[in-house]
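Got the viewer open? Let's take a short walk through a few spots, picking selections as we go.

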Amino acid sequence: MTILKMNPDEYSVAAEYVPLLVGLMEQRKISREVLFRDTDIAPDCWREPGARVAAHQFEQLISRAMALTGDDWLGWEFGAAMTMSTHGFLGYAALSSETLGDAIELAVKFFRTRSTVVDLQFVVEGDTAVLQLEEMIALNELAPFVVESLFSSFHFMALKVLPDLEMDGELRFAYPEPHYFRKLKPMVPVPCLFDCAYHQMRFPAHRLERRLRFADPRLARMAAAQCEQELANIKAPPRLLGQVRRIVLSRAGRFPGVDEVASDLHMSSRTLKRKLQQLGTSYQKVLDDLRKGLAVEHLTQTSATVDDIALFLGYSDASNFARAFRRWTGRSPTDYRE
């Protein structure tokens, strides 16, 4: 029987992101010493080449920064402050790529060199390109900071390599709309949807052919070679959360129980429950989040009736679905659609 082994140390981020957060705090007159207080992070941990910060340490730092500033929207600012060099050799490889599609391909291939807390995936759905963030561990209350910082970073980096980039597309978030988003909304140039099944940036697929401003094939090859070396030294943690989500989604309309999913993963249900708990979640939460996300996408993106959506999500009748939806979002399906 194949058992996925969970090692908390395999979930980490590149240490280069720490001084960026330190700099944002110092702009607010918050010293490094105050920021690091009550955390497990060693001062100047980023000075060692190839240094990594464990996921739980980075979570401590983010939580501490948000508590000290009171800025729940700090992720947007953190992402906007990132430069190509912040992303190491991956940033340079993307910067010097021939086209936007080439840059995204490199980002997906080598994203592990920057983080194993989330995974980056890319697909093209008809005329729409979809860049998707998949949680490797349950981000829970820190999801807004992590996801918003990455989306913000991708946006501003794209503007650097494509200065005349059109602002058409869509952002999707797998968490409820934060209380602060109403103030930020006028500054976000594309529509945003919350309570979705996945975190996604969606944009016209024809942009993938756009030639980048700093295209340099030789530099791109050199940077990619460095990324290959870095990648060889970073162990890929099991993609258990993503595997569970994909199995559940493949049975849409007949959502499987934990025993069935565990069987597909060649483990006992008890083992699966324990491993999900180690990742900060549970099978029921994964199932509820996906059902909620699919419900929201159907309500906002299709004309399907509430009865049809309830049936698709595996509910015996619309009233049971409505009660579950109200529990997830605080609103009825009809109110949400309006």
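Start by selecting α3 (55-69) and α7 (143-161): each of these helices supplies at least two residues of the lining of the largest cavity. Keep in mind that this is a predicted model.

How much space lies in that largest cavity? About 230 Å³. Its lining runs to 20 residues, and the ones to show as sticks are those closest to its centre: Val-13, Phe-58, Ser-115, Val-146 and Leu-150. Colour the lining by class and you get 15 nonpolar, 3 polar and 2 charged residues.

Counting those of 30 Å³ or more, there are 2 cavities. For the second largest, select Arg-112, Ser-115, Thr-116, Val-118, Asp-119, Met-136, Ala-236, Pro-237 and Arg-239, which line it. The space here is about 50 Å³, and the lining splits into 4 nonpolar, 2 polar and 3 charged residues.

Next stop: a helix pair. Select α10 (residues 240-250) together with α13 (residues 283-301); they pack with their axes 10 Å apart, at an angle of about 55°. That angle makes α10 oblique to α13. The crossing of the two, α10 and α13, is right-handed.

Now zoom in on the side chains. From α10, pick Leu-241, Val-244, Arg-245, Val-248 and Leu-249; they meet Tyr-283, Val-286, Leu-287, Leu-290 and Leu-294 of α13. How do the residues of this contact between α10 and α13 divide by class? You'll find 9 nonpolar, no polar and 1 charged.

Definitions and conventions:
Residues are numbered from 1 along each chain as its sequence is written. This is a predicted model: local features need pLDDT of at least 70, side-chain atom pairs count only at pLDDT 80 or more; totals for chains, interfaces and linings use all residues. Side-chain values use heavy atoms; hydrogens and water are left out. Axes are lines fitted to C-alpha atoms, for helices over the stretch in contact, and angles run from 0 to 180 degrees between N-to-C directions. Helices (H or I, at least four residues) and strands (E, at least two) are DSSP runs, numbered from the N terminus. Angles under 35 degrees count as roughly parallel, over 145 as roughly antiparallel, 65 to 115 as roughly perpendicular and the rest as oblique. A crossing is left-handed if the near helix is turned anticlockwise from the far one by less than a right angle, and right-handed if clockwise. Contact means heavy atoms within 4.5 Å. Ala, Val, Leu, Ile, Met, Phe, Trp, Tyr, Cys and Pro count as nonpolar, Asp, Glu, Lys and Arg as charged, and the others, Gly among them, as polar. On a 1 Å grid over the protein atoms alone, a cavity is a set of points where a 1.4 Å probe fits but cannot get out, and a pocket is an open set with protein on both sides within 12 Å along at least five of seven lines; lining residues have an atom within 4 Å of a point. Grid points are joined across faces, edges and corners, and a volume is the space filled by probe spheres set on the points.
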